[in-house]
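Ready for a few warm-up exercises? Have a look at the structure first, then try each task before you read its solution.

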Amino acid sequence: MNEDEQGPDDQHQVPDGVSEATVEALGTLSAALETIEHARGLLYGFHRLTGSADLDLGEAVEQLRKAGHTDLADRIDTELVGRNVIAGRWTFQVVEDYDDGYYALAKELERTARDELVGGRRHLFEAGMKEDRRTSGRRHHEATPADLPG
């Protein structure tokens with residue numbers, strides 16, 4: 001491909017008749033979904049860390065008992081080990097509610113918007129940014145992997 005032929009692949013070209021405003025809105029929607037994905041990862045981190053802490057608390061209880069501090073060990077064991085982190089819920093239940101509710105709906109609506117407005121194409125806004133920012137014809141600025149010298 002020569003320099004004039006480089007550009008986004010077919011899946012990253014804006015379909016005919018789609019406005020810049022639509023592409024921008026889909027870009028913002030995509031960015032919001034990326035933030036939701038990040039939040040989901042943090043929620044899973046919270047889930048893992050809390051579970052690990054609960055296991056460590058159980059170990060601390062045993063160590064306190066062995067060290068002769070049975071009253072304190074009993075209190076930690078009965079009041080904190082296995083306790084719900086949110087009323088009626090362990091972290092796995094929080095994660096499940098997030099995944100099945102907010103997260104699932106966000107994914108569904110983002111995909112619906114792409115399907116209805118641009119035939120399911122992803123990252124059109126970013127593909128346009130890449131075209132605006134890259135130096136056409138320069139090594140490491142190729143439009144697609146197919147454009148790599150070879």
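## Exercise 1: the tail end

Task: find where H140 sits, and work out whether H140 is buried or exposed.

Solution. Start with the place: H140 belongs to the segment that follows helix 4. Helices here are DSSP runs of H or I with at least four residues, strands are runs of E with at least two, and both are numbered from the N terminus. Before going on, a word on the source: this is a predicted model, where local features need pLDDT of at least 70 and side-chain atom pairs count only at pLDDT 80 or more, while totals for chains, interfaces and linings use all residues. Residues are numbered from 1 along each chain as its sequence is written, and side-chain values use heavy atoms, with hydrogens and water left out.

Next, the accessibility: H140 has a relative accessible area of 61%, so H140 is exposed. The cut-offs are under 20% for buried, over 50% for exposed and partly exposed in between, with a 1.4 Å probe and protein chains only. Last, the backbone: H140 is not a glycine, yet its phi is positive, at about 75 degrees.

## Exercise 2: another histidine

Task: which loop holds H123, and what is its phi?

Solution. First, look between helix 3 and helix 4 (124-133): the loop there holds H123. Then check the backbone: phi of H123 is near 55 degrees, a positive value in a residue other than glycine. Finally, H123 has a relative accessible area of 36%, so it counts as partly exposed.

## Exercise 3: the overall layout

Task: how many helices and strands does the protein have, and in what order do the elements run?

Solution. Count the elements: there are four helices and zero strands. Reading from the N terminus, the order is α-α-α-α. Now for the spread: the radius of gyration is 25 Å, well over the 15 Å that the globule rule gives for 150 residues, so the protein is more spread out than a compact globule. That radius is taken over C-alpha atoms, and the rule is 2.2 Å times the number of residues to the power 0.38. Along the principal axes, the C-alpha atoms fill a box of roughly 80 × 35 × 20 Å. As for burial, 21% of the 150 residues in the protein are buried.

## Exercise 4: the core

Task: which residues make up the largest nonpolar core, and which helix gives the largest share?

Solution. Begin with the list: the largest nonpolar core has eight residues, namely L33, I36, L43, V94, V95, Y98, Y103 and A106. Such a core is a set of buried Ala, Val, Leu, Ile, Met, Phe, Trp, Tyr and Cys residues joined through side-chain atoms within 4.5 Å. Then sort by helix: helix 1 (20-66) and helix 3 (91-118) each supply at least two residues of this core. The largest share, five residues, comes from helix 3. Apart from this core lies another, of six residues, including V18, L26, V118 and L124.

Now zoom in on I36. Leaving aside neighbours within four places in sequence, I36 is in contact (heavy atoms within 4.5 Å) with Y98, Y102, Y103 and A106.

A106 itself lies in helix 3. With a relative accessible area of 17%, A106 is buried. Again leaving aside neighbours within four places in sequence, A106 touches L33 and I36.

## Exercise 5: sequence against space

Task: how many Å separate the C-alpha atoms of G27 and E126, and how many those of A106 and V81?

Solution. Take G27 to begin with: G27 is in helix 1, and at 10% relative accessibility G27 counts as buried. The C-alpha atoms of G27 and E126 are 7.3 Å apart, although their positions lie 99 residues apart along the chain by number. For A106 and V81, 25 residues apart along the chain, the C-alpha separation is 34 Å.

One more pair to try: E116 lies in helix 3 and counts as exposed, at 64% relative accessibility. E116 and H47 are 69 residues apart in sequence, and their C-alpha atoms are 35 Å apart in space.
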